[in-house]
Amino acid sequence: MTVVFGWGRSHDGQLSIGASEEDSILSPREISHLRELDIKEISCGEKHTLVVTRGGELYSCGSNEYGELGHNKPRSKAGRDAISDNGN
């Protein structure tokens, strides 16, 4: 089990904590729904985050303004649906 914490800017959903009235999270907050994943690596951009599992699945969250999340949704919460080969 991997425990992941996030903090910082959250306006675009890049922390994957769901809906938040806070633009910034000022202290570490556990992202509990990521516990279900066997995480190998996490990469953070200014407005998005990518999570790769040991099984090779890719999850993304945050702004998708330029297609950086790898699917057609405007934003998402990581740890719910892996990005499939066809980008959905």
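Start by selecting the lining of the largest pocket: 17 residues line it, and Gln14, Leu15, Ile42, Cys44 and Thr49 lie nearest its centre. Strand S1 (5–9), strand S3 (39–44) and S4 are the elements that each give two or more residues to this lining. The space in the pocket comes to about 200 Å³. A pocket here is an open set of points on a 1 Å grid over the protein atoms alone, with protein on both sides within 12 Å along at least five of seven lines, whereas a cavity is a set of points where a 1.4 Å probe fits but cannot get out; lining residues have an atom within 4 Å of a point. Grid points are joined across faces, edges and corners, and the volume is the space filled by probe spheres set on the points.

A word on what you are viewing: this is a predicted model, in which local features need pLDDT of at least 70 and side-chain atom pairs count only at pLDDT 80 or more, while totals for chains, interfaces and linings use all residues. Residues are numbered from 1 along each chain as its sequence is written, and side-chain values use heavy atoms, with hydrogens and water left out.

**Zoom out to the whole chain**

Colour by secondary structure, and you will find zero helices and six strands, running β-β-β-β-β-β from the N terminus on. Helices (H or I, at least four residues) and strands (E, at least two) are DSSP runs, numbered from the N terminus. Of the 88 residues, 35% are buried; buried means under 20% relative accessible area, exposed over 50%, and partly exposed in between (1.4 Å probe, protein chains only). Switch on the surface, and the chain exposes about 5,600 Å², with carbon and sulfur atoms supplying 46% of it. Those areas come from the Shrake-Rupley method with a 1.4 Å probe, and for residues only the protein chains shown count as cover.

**Select Ile42 and strand S3**

Ile42 is found in strand S3, and it counts as partly exposed because its relative accessibility is 37%. Leaving out residues up to four places away in sequence, Ile42 touches Val4, Thr49, Leu50 and Val51, where contact means heavy atoms within 4.5 Å. Draw a C-alpha to C-alpha distance from Ile42 to Val52: the two are 10 residues apart in sequence and 6.3 Å apart in space.

Now show S3 and S4 together. They pair in the antiparallel sense over five bridges; two strands pair if DSSP finds at least two bridges between them. Three residues sit between S3 and S4 in their hairpin. Along the pair, look for Glu41 opposite Val52 and for Ser43 with its bridge partner Leu50.

**Move on to S4 and S5**

Which strand pairs with S4 in the antiparallel sense over five bridges? Select S5, and there is the partner. Strand S5 (residues 58–63) is mostly covered, with five of its six residues buried. Two bridges to pick out here are Val51 with Tyr59 and Thr49 with Cys61.

Follow the chain round the turn: the hairpin of S4 and S5 has four residues between the strands, and Gly56 takes a positive phi near 90° there. Glu57 has its place in the loop between S4 and S5, and it counts as partly exposed because its relative accessibility is 38%. From Glu57, a C-alpha distance of 9.6 Å leads to Asp38, which is 19 residues away along the chain.

**Finish in the core**

Select Val4, Ile31, Leu34, Leu37, Ile39, Val51 and Tyr59: these seven residues form the largest nonpolar core. Such a core is a set of buried Ala, Val, Leu, Ile, Met, Phe, Trp, Tyr and Cys residues joined through side-chain atoms within 4.5 Å. In soluble globular proteins, nonpolar side chains tend to be buried together.

Is Val51 buried or exposed? Val51 counts as buried because its relative accessibility is 2%. You will find Val51 in strand S4 (residues 48–53), and its C-alpha is 8.7 Å from that of Cys61, 10 residues apart in sequence.

Last stop, Ile39: leaving aside neighbours within four places in sequence, Ile39 is in contact with Thr2, Val4, Leu34, Val51, Val52, Thr53 and Arg54.
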